[in-house]
Amino acid sequence: MIHQSHDATTVSRPRLLPWSNLDGKPCYLVSDGSGKSHLSRVADNVESVQLDMAEELLAHAAYLLGEGDRSTTAHQLRFLAARLVEALHDVHRIARSRGDRLSGPDGEEPTDAELQTSAGQ
């Protein structure tokens, strides 16, 4: 889906936000594409927190499953698996959102130069 503003000069792809509505359906942001709106910054911050939490959870999982305490219970492992599923869901949503924003409004994939420019931001 591509959104075109009323002035017909701005075309942007809706951004998949890192949260769902109360019914569990995805939320999208339609903006000018600059990424500088208040809601865009909030979404960036939420993504950053989600990625940090996933990284910490992975470290905890590595500890419990590896060199950690050998008395880890089945209940703890089920709890860990549930949190890992949640984190994977968040990271997958972030990857989809960022991938959508990498491709141009017409669906074309970015060039290597464009990828390098966006990575250097």
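Read from the N terminus, the elements of the chain follow the order β-β-β-β-α-α-α. That makes 4 strands and 3 helices in this chain, and it's worth keeping in mind that the model is a predicted one.

Next comes the chain as a whole. It has 121 residues, and 21% of them count as buried. The surface left exposed comes to about 8800 Å², with carbon and sulfur atoms supplying 57% of that area. As for how the chain folds back on itself, take the contacts between residues at least 6 apart in sequence: 48% of these join residues at least 24 apart.

Helix α2 is a good place to zoom in. This helix covers residues 74-102, which is 29 residues. At 1.5 Å a residue, a helix of that length should span 42 Å, and the end C-alpha atoms of α2 turn out to be 41 Å apart, so the two values agree. Five names come up when looking for the buried residues of α2: L80, A87, R93, I94 and S97. What do these buried residues pack against? Their partners are two strands, β3 (15-20) and β4 (26-29), along with helix α1 (38-65).

The pairing of α1 with α2 can be described in some detail. The axes of these two helices lie 9 Å apart, and the helices pack at an angle of about 145°. Their crossing is left-handed. By class, the contact between α1 and α2 brings together 13 nonpolar, 3 polar and 6 charged residues. On the α1 side, the residues taking part include L51, A54, L57, L58 and L64, while the α2 side includes L84, V91 and I94. Charged residues show up too, among them D44 and E47 from α1, and R83, D90 and R98 from α2. L80, A87, I94 and S97 appear in this contact, and these four also belong to the buried residues of α2.

One residue of α2 deserves its own look, namely L77. Is L77 buried, exposed or something in between? Its relative accessible area is 34%; buried would call for under 20% and exposed for over 50%, so L77 counts as partly exposed. Leaving aside residues up to four places away in sequence, L77 touches L65 and T72. L65 sits in α1 and is part of the contact between the two helices, as is L77. Along the chain L77 and L65 are 12 residues apart, and their C-alpha atoms are separated by 8.7 Å.

Definitions and conventions
Residues numbered from 1 in each chain as written. Predicted model: local features only at pLDDT ≥ 70, side-chain atom pairs only at ≥ 80, totals over all residues. Heavy atoms only, no water. Expected span 1.5 Å × (residues − 1). Buried < 20%, exposed > 50% of the residue type's maximum accessible area, 1.4 Å probe, protein only. Contact = heavy atoms within 4.5 Å. Areas by Shrake-Rupley, 256 points an atom, 1.4 Å probe, with all protein chains shown as cover. Axes fitted to C-alpha atoms, helices over the stretch in contact; angles between N-to-C directions. Left-handed = near helix turned anticlockwise from the far one by under 90°. Nonpolar A, V, L, I, M, F, W, Y, C, P; charged D, E, K, R; others polar.
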